[in-house]
There are 2 protein chains.
Amino acid sequence: MGDVTSASATPSTPARPRRNRRAEILEAAARLFAARGFHGVPIEEICGAVGVSGPALYRHFSGKEALLAEMLLDVSSRLRESAVAVATSSPGPEQSLDALLDVQITFAIEQPALITVHDRELGNVPEPHRRQIRRLQRLYVEEWVTVLAELHPTCPAARLRAAMHAVFGLLNSTPHSAGELAGGDMRPLLRVMARAAIDAAVNAR
Amino acid sequence: MGDVTSASATPSTPARPRRNRRAEILEAAARLFAARGFHGVPIEEICGAVGVSGPALYRHFSGKEALLAEMLLDVSSRLRESAVAVATSSPGPEQSLDALLDVQITFAIEQPALITVHDRELGNVPEPHRRQIRRLQRLYVEEWVTVLAELHPTCPAARLRAAMHAVFGLLNSTPHSAGELAGGDMRPLLRVMARAAIDAAVNAR
DNA sequence: CGATGACGTTAACGATGACTAACATTCGAG
DNA sequence: CTCGAATGTTAGTCATCGTTAACGTCATCG
């Protein structure tokens, strides 16, 4: 989180840390966008948060919207990749579901800012990339739906999709209840609630 | 509706044509804020959506932030009032819980834009009102926690609070899954999922 | 009838903020 | 040592946007 950005102390001797500026900027931007929204955060502030100032951003991204696009693309493709990996390496749908839950919960707990931005700021991504991100998100949902459909073949896919959106809402609520519960207790709580919600959705008549 | 609207004091002839521009503007603003965020929507566009243009907004609100503040204050006080009414008029905690679920689900389904803005844009409300809105939100959550604590006295309050945030996330996911399911099917689905999630949270381990 | 006040308009003003230009500095080749 | 990326910096530019000013209209009321 809030690491020491005391870097540029003397303007005479810059450039030592050798750290990846790109990644730093993406991380700071995620945190700030999550707090005040894409248009609520000036570039100046993003770069200031990592110790460089202003137009340095254009050395790493072609613009503010490109920064957001890359951020969302990265998140959605990582989620999707994890889901595919999990689904293909599990012996059966039951284990797949468990592993999928683990993926999403881990992501929600460890990257709350990214998760928040991911489902709020798609509307601010310019059209070339928007479609691509949407596609990845859809594929991610479909991984879940496929697994659930194996477990409950009689449940209509539309219902499974709607239920999954609700479950994502449940799991992604973590950022809003930060600090409510001891860190270690959050994960099992989310897991048991999500599991119960899913079971209820597919079973209820 | 918290402030003193002049002219309502004179009982002589309050029968103005009273087109509710105020309400129209609030509604349009909610829809637009939900889609692109507070800072993503110019005043021009809000007013344009209701047929007037530009600075006409200042005939009804003291500024853009005041508009947002009133919107959030209205939502949070309405929710809180409904919760209090429900809790005091139900014969027991079990019925209270059912009624609370009904309140939240109805609101989420009928006012998706308001719900969305309500839990995204608090960070853009200036400090005088921010505290007040937070307070109302907290009181709303406490209504739920009180009811749940009656039903499950052994469950720590912190866990109940965390579980409730997750349930709100589940119920407020409606805007994201708009159109996924036939209108009439959404309500019972959300209800059964939320109920199962709550039961799992308070019973597990 | 005039005065008043609610409500709207267009034309500015001023701040902010995204982006560009021009100009250093460091460092790893060659 | 020199060249040229890579990575910063500061000082603009230009569009956008919140807000105010000045002005018009029309219904109501004394």
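Which residues does F33(A) touch, not counting residues up to four places away in sequence? Select F33(A) and display its contacts (heavy atoms within 4.5 Å). The list is F38(A), V41(A), I46(A), K64(A), L67(A), L68(A), M71(A), V117(A) and E121(A).

Some conventions before moving on. This is a predicted model, in which local features need pLDDT of at least 70 and side-chain atom pairs count only at pLDDT 80 or more, while totals for chains, interfaces and linings use all residues. Residues are numbered from 1 along each chain as its sequence is written, chains are lettered from A and ligands numbered from 1 in the order in which they are written, and side-chain values use heavy atoms, with hydrogens and water left out.

**The core**

Keep F33(A) selected and add L67(A), M193(A), F33(B), L67(B) and M193(B). These six touch the most other members of the largest nonpolar core, which has 132 residues. Such a core is a set of buried Ala, Val, Leu, Ile, Met, Phe, Trp, Tyr and Cys residues joined through side-chain atoms within 4.5 Å. Buried means under 20% relative accessible area, exposed over 50%, and partly exposed in between (1.4 Å probe, protein chains only).

**DNA strand C**

Next, select the residues near DNA strand C, that is, those with a heavy atom within 4 Å of the strand. There are 16, and I43(A), K64(A), R21(B), R59(B) and H60(B) come nearest. Of the strand atoms within 4 Å of the protein, 57% belong to sugar or phosphate and the rest to bases.

Now look at polar contacts (pairs of N or O atoms within 3.5 Å):

- K64(A): a polar side-chain atom lies 2.9 Å from a phosphate oxygen of DNA strand C.
- H60(B): a polar side-chain atom lies 2.7 Å from a phosphate oxygen of DNA strand C.
- R59(B): here the partner is a base oxygen of DNA strand C, 2.4 Å from a polar side-chain atom.

Move to R21(B), in helix α1 (residues 21-36) of chain B. R21(B) is buried, with a relative accessible area of 17%. Leaving out residues up to four places away in sequence, R21(B) touches V50(B), V52(B) and H60(B).

**Helix α7 of chain A**

Finally, select A158(A), which sits in helix α7 (residues 157-171) of chain A. A158(A) is partly exposed, at 28% relative accessible area. Not counting residues up to four places away in sequence, A158(A) touches E180(B) and L181(B). For a distance check, V145(A) is 13 residues from A158(A) in sequence and 9.2 Å from A158(A) in space, C-alpha to C-alpha.

Notes
Polar contact = N/O pair within 3.5 Å; in protein donor to acceptor, adjacent residues only side chain to side chain. Helix = DSSP H or I, 4+ residues; strand = E, 2+ residues; numbered from the N terminus.
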